[in-house]
Amino acid sequence: MGQPVERESAEAKGSELPPGQRIQRGWPVTHYGPVPKFRPERWEFRVFGATADGGKRCWNHEEFTALPYTTVVADLHCVTKFSMLGAEWGGIPAPTILALAPPADDVTHVMVWAEYGFSSNLRLADFRSDRTIFATHKDGEPLTAEHGFPLRLVVPHLYAWKGPKWVRGVEYMTADRRGFWEERGYHNVGDPWREQRYSYQERPGEGPEL
């Protein structure tokens with residue numbers, strides 16, 4: 001049920017961590033607010049906004065988890081300065097969602113929506129990376145509730161807050177709009193190799209005005 005595992009970790013980049021990061025043994029739990037209760041009969045994943053056909057696409061939990069599964073081995077870099085190296089993430093690649101629910105030609109960004117109205121914005125180019133994955137598993141085991149079960153987004157080349165836990169859908173956008181943390185002082189792009197942690201570091205064109 002998988003495809004060949006892709007590998008691109010800090011070791012592959014010359015055994016270097018992004019600036020200011022430290023290696024973390026284990027996986028700390030970090031999130032804002034309570035852990036939502038999973039109710040499979042109510043769970044739905046939606047793609048909406050500027051879709052190619054103007055409509056929306058929905059999957060229930062059984063349908064979504066039946067989509068083609070793959071694995072990606074990649075690091076996770078938290079803005080709180082820990083990095084977890086070489087985790088195997090299993091789930092549905094973001095490009096699969098783009099293929100099943102195509103965006104309109106003028107889409108430039110997406111907003112990833114999660115439980116309690118939490119959101120994170122991404123450039124379309126970051127979202128469509130073949131390493132961006134809607135993860136259901138880590139290292140062959142289902143995610144725990146504290147780490148995002150039943151679904152979290154993993155965007156390995158950006159800080160971990162850009163990949164929300166408890167994801168419920170994706171909105172296609174024709175202009176950028178800040179998500180939850182991006183409205184609260186975090187960098188609009190979030191590249192750990194450029195140490196883009198906070199909004200005051202943004203250069204012209206890297207995000208909408210606050």
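# Structural briefing: aromatic pairs, strands, cores and enclosed space

The structure holds 16 aromatic pairs. One of them joins Tyr159 and Trp161, whose rings are stacked at 5.7 Å centre to centre with 15° between the planes. The coordinates come from a predicted model. The largest nonpolar core has 27 residues, and the largest pocket has a volume of about 570 Å³. The points below are grouped by topic.

**Aromatic rings**

- A pair of aromatic rings is described by the distance of the centres and the angle of the planes.
- The stacked pair counts as such because its planes are 15° apart, and planes under 30 degrees apart count as stacked.
- Tyr159 and Trp161 are both buried.
- Ring pairs also link these two residues into a cluster with Phe118, Phe180, Trp181, Tyr186, Tyr198 and Tyr200.
- Two members of that cluster, Phe118 and Trp181, are among the residues nearest the centre of the largest pocket.
- Tyr159 also belongs to the lining of the largest cavity.

**Strand β7 and its partners**

- Strand β7 spans residues 109-114 and is mostly covered, with five of its six residues buried.
- Strand β8, residues 119-123, pairs with β7 in the antiparallel sense over five bridges.
- Within this pairing, Trp113 has Ser119 of β8 as its bridge partner.
- Four residues lie between the strands in the hairpin of β7 and β8, where Tyr116 takes a positive phi near 65°.
- Strand β12, residues 167-173, also pairs with β7 in the antiparallel sense, here over six bridges.
- Val112 has Val170 of β12 as its bridge partner.
- In a regular strand the side chains alternate between the two faces of the sheet.

**Nonpolar cores**

- In soluble globular proteins, nonpolar side chains tend to be buried together.
- Within the largest nonpolar core, of 27 residues, the most contacts are made by Phe45, Phe64, Ile97, Phe134 and Tyr172.
- At least two residues of this core come from each of β3 (44-49), α2 (94-100), β7, α3 (124-127) and β12.
- A second core, separate from the largest, has 14 residues, including Phe82, Ile133, Val154 and Ala160.
- Val154 and Ala160 of the second core are also found in the lining of the largest cavity.

**The largest pocket**

- The lining of the largest pocket comprises 29 residues, and those nearest its centre are Thr30, His31, Tyr32, Phe118 and Trp181.
- By class, this lining divides into 19 nonpolar, seven polar and three charged residues.

**The cavity**

- One cavity of 30 Å³ or more is present in the structure.
- The largest cavity holds about 60 Å³ of space.
- Its lining consists of Asp75, Leu76, His77, Arg152, Leu153, Val154, Val155, Pro156, Leu158, Tyr159, Ala160 and Gly163.
- Two elements, β5 (70-77) and β11 (152-154), give two or more residues to this lining.
- The lining of the largest cavity has eight nonpolar, two polar and two charged residues.

**Backbone exceptions**

- Most residues other than glycine have a negative phi, and most peptide bonds are trans.
- A cis peptide bond, with omega of about 10°, joins Phe149 and Pro150.
- Pro150 is located in the loop between β10 (141-142) and β11.
- Lys81, although not a glycine, has a positive phi of about 90°.
- Lys81 sits in the loop between β5 and β6 (82-93) and counts as partly exposed because its relative accessibility is 39%.
- Trp166 is likewise not a glycine, and its phi is positive at about 55°.
- The loop between β11 and β12 contains Trp166, which counts as buried because its relative accessibility is 6%.

**Asn60**

- Asn60 belongs to strand β4, residues 57-60.
- With a relative accessibility of 34%, Asn60 counts as partly exposed, since that class lies between the buried limit of 20% and the exposed limit of 50%.
- From C-alpha to C-alpha, Asn60 and Lys138 are 22 Å apart in space, and they are 78 residues apart in sequence.

Definitions and conventions:
Residues are numbered from 1 along each chain as its sequence is written. This is a predicted model: local features need pLDDT of at least 70, side-chain atom pairs count only at pLDDT 80 or more; totals for chains, interfaces and linings use all residues. Side-chain values use heavy atoms; hydrogens and water are left out. Buried means under 20% relative accessible area, exposed over 50%, partly exposed in between (1.4 Å probe, protein chains only). Two strands pair if DSSP finds at least two bridges between them. A nonpolar core is a set of buried Ala, Val, Leu, Ile, Met, Phe, Trp, Tyr and Cys residues joined through side-chain atoms within 4.5 Å. On a 1 Å grid over the protein atoms alone, a cavity is a set of points where a 1.4 Å probe fits but cannot get out, and a pocket is an open set with protein on both sides within 12 Å along at least five of seven lines; lining residues have an atom within 4 Å of a point. Grid points are joined across faces, edges and corners, and a volume is the space filled by probe spheres set on the points. Ala, Val, Leu, Ile, Met, Phe, Trp, Tyr, Cys and Pro count as nonpolar, Asp, Glu, Lys and Arg as charged, and the others, Gly among them, as polar. Rings of Phe, Tyr and Trp (its six-membered ring) pair if their centres lie within 6.5 Å; planes under 30 degrees apart count as stacked, over 60 as edge-to-face and the rest as tilted.
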